[in-house]
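The following paragraphs offer a guided reading of a protein model, moving from its sheet to its helices and then to its interior. Please keep the sequence and the coordinates at hand.

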Amino acid sequence: MGSKPSGPDPAGLFAHDLGIGRGAVAGADEAGRGCLAGPIVAAAVVFDRDCLESFGAGRLAALNDSKRVSSAARERLLPEILRCATAVTISMRSARYIDHAGLQASNIECLARALERAGGISGVTRLVDGFRLPGCRLDHQQLVKGDSKSAAVAAASIVAKVSRDRCMARAGLRYPEYGFESHKGYASESHREAIAAHGPSPIHRMSFNSAAYSSAEAA
């Protein structure tokens, strides 16, 4: 078992990954699974032993699950993750792909591709937030609520979330009537009102059985 690091680790994320063994740890997570619009985005991050023991030379001491830190904090953490990680990869599937293949299949495929693109690094333990990945070519472990337990998975959640948020901000410029830059495609009240007023956009997931689409048809 690896020794626990000294210094701040308020969420216990680095201690968790150091306790796994003596090698590197890869984490994979996704963002946008429950949205009405836009892509699903998965990321994988690999931290080597030195990074885990030093919290990325102290730069990642504030690392946490992307849902537990502010948007500004996520933006600050992203370049530090990129600087500290051995590998960072991203995979995404569009709304049209999700409509064709189904949400769960798209989610599993995204996570698997992100993890595979991180490479077959020797001695690495691969953790995936919440899911086993049938068909993934690399050995991995399911870690329920992994983004609040593992430093590598939390880092992947940050990368996936920031990447997707930036994508939705660009969608907001292309389709300004929907306000994607603010709600990011989730089913907020303003989003549902925009769908009712304008109908679905080309990046809405029409396979979702949402009352927002029924309201638009009625209007």
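In which sense do β1 and strand β4 pair, and over how many bridges? In this predicted model, β1 and β4, the latter comprising residues 125–129, are paired in the parallel sense, and four bridges connect them. Within β4, Arg 126 is the residue that Ala 26 stands opposite.

This pairing belongs to an open sheet of five strands, arranged in the order β3-β2-β1-β4-β5, with mixed pairing. The edges are held by β3 (87–93) and β5 (141–143); each has a single partner strand, so one side of each lacks a neighbour in the sheet. On average, and with direction ignored, neighbouring strands are turned by 20° against each other. In general, the strands of a sheet pair through backbone hydrogen bonds, in either a parallel or an antiparallel manner.

Strand β4 deserves a closer reading. Towards β5 it runs parallel, with three bridges joining the two strands, and Val 128 stands opposite Gln 142 in β5. The side chains of β4 alternate: Thr 125, Leu 127 and Asp 129 point one way, whereas Arg 126 and Val 128 point the other way, and all are buried. Because five of its five residues are buried, β4 is largely enclosed by the rest of the structure.

Across the sheet lies helix α5 (residues 103–117), which crosses β1, β2, β3 and β4 and runs at about 155° to β3. At 1.5 Å a residue, its 15 residues should span 21 Å, and the end C-alpha atoms are 21 Å apart, so the two values agree. The buried residues of α5 include Ile 108, Leu 111 and Leu 115, together with the polar-named positions Ser 106, Asn 107 and Glu 116. Its buried residues pack against β1, β2, β3 and β4, and also against α4 (95–101). After α5 comes Gly 119, with a positive phi near 95°.

The interior can be described through its nonpolar cores. The largest has 33 residues, and Val 45, Phe 47, Leu 60, Leu 63 and Ile 81 have the most contacts inside it. At least two residues each are supplied by α1 (13–18), β1 (25–31), β2 (40–47), α2 (49–54), α3 (71–84) and α6 (151–174). Of these, α6 gives the largest share, ten residues. Leu 63 illustrates how distant parts of the sequence meet: leaving aside neighbours within four places in sequence, its contacts include Leu 13, Phe 14, Phe 47, Leu 77, Ile 81, Ala 151 and Ile 158. Another core, of 27 residues, lies apart from this one, and among its members are Ala 42, Ala 118, Val 124 and Phe 208. As a general tendency, nonpolar side chains in soluble globular proteins are buried together.

Helix α8 (residues 189–198) closes this reading, with His 191, Ala 194 and Ile 195 buried. These residues lie on the same side of α8 because they cover an arc of only 100° around the axis. An α-helix has 3.6 residues a turn, so residues three or four places apart point the same way. On the face of α8 turned away from the buried side are the exposed residues Glu 189 and Ala 197. Just after α8, Gly 199 adopts a positive phi of about 80°.

Note on methods: Residues are numbered from 1 along each chain as its sequence is written. This is a predicted model: local features need pLDDT of at least 70, side-chain atom pairs count only at pLDDT 80 or more; totals for chains, interfaces and linings use all residues. Side-chain values use heavy atoms; hydrogens and water are left out. A nonpolar core is a set of buried Ala, Val, Leu, Ile, Met, Phe, Trp, Tyr and Cys residues joined through side-chain atoms within 4.5 Å. Buried means under 20% relative accessible area, exposed over 50%, partly exposed in between (1.4 Å probe, protein chains only). Contact means heavy atoms within 4.5 Å. The arc is that of the directions from the helix axis to the C-beta atoms. Two strands pair if DSSP finds at least two bridges between them. Axes are lines fitted to C-alpha atoms, for helices over the stretch in contact, and angles run from 0 to 180 degrees between N-to-C directions. The expected span of a helix is 1.5 Å times one less than its number of residues.
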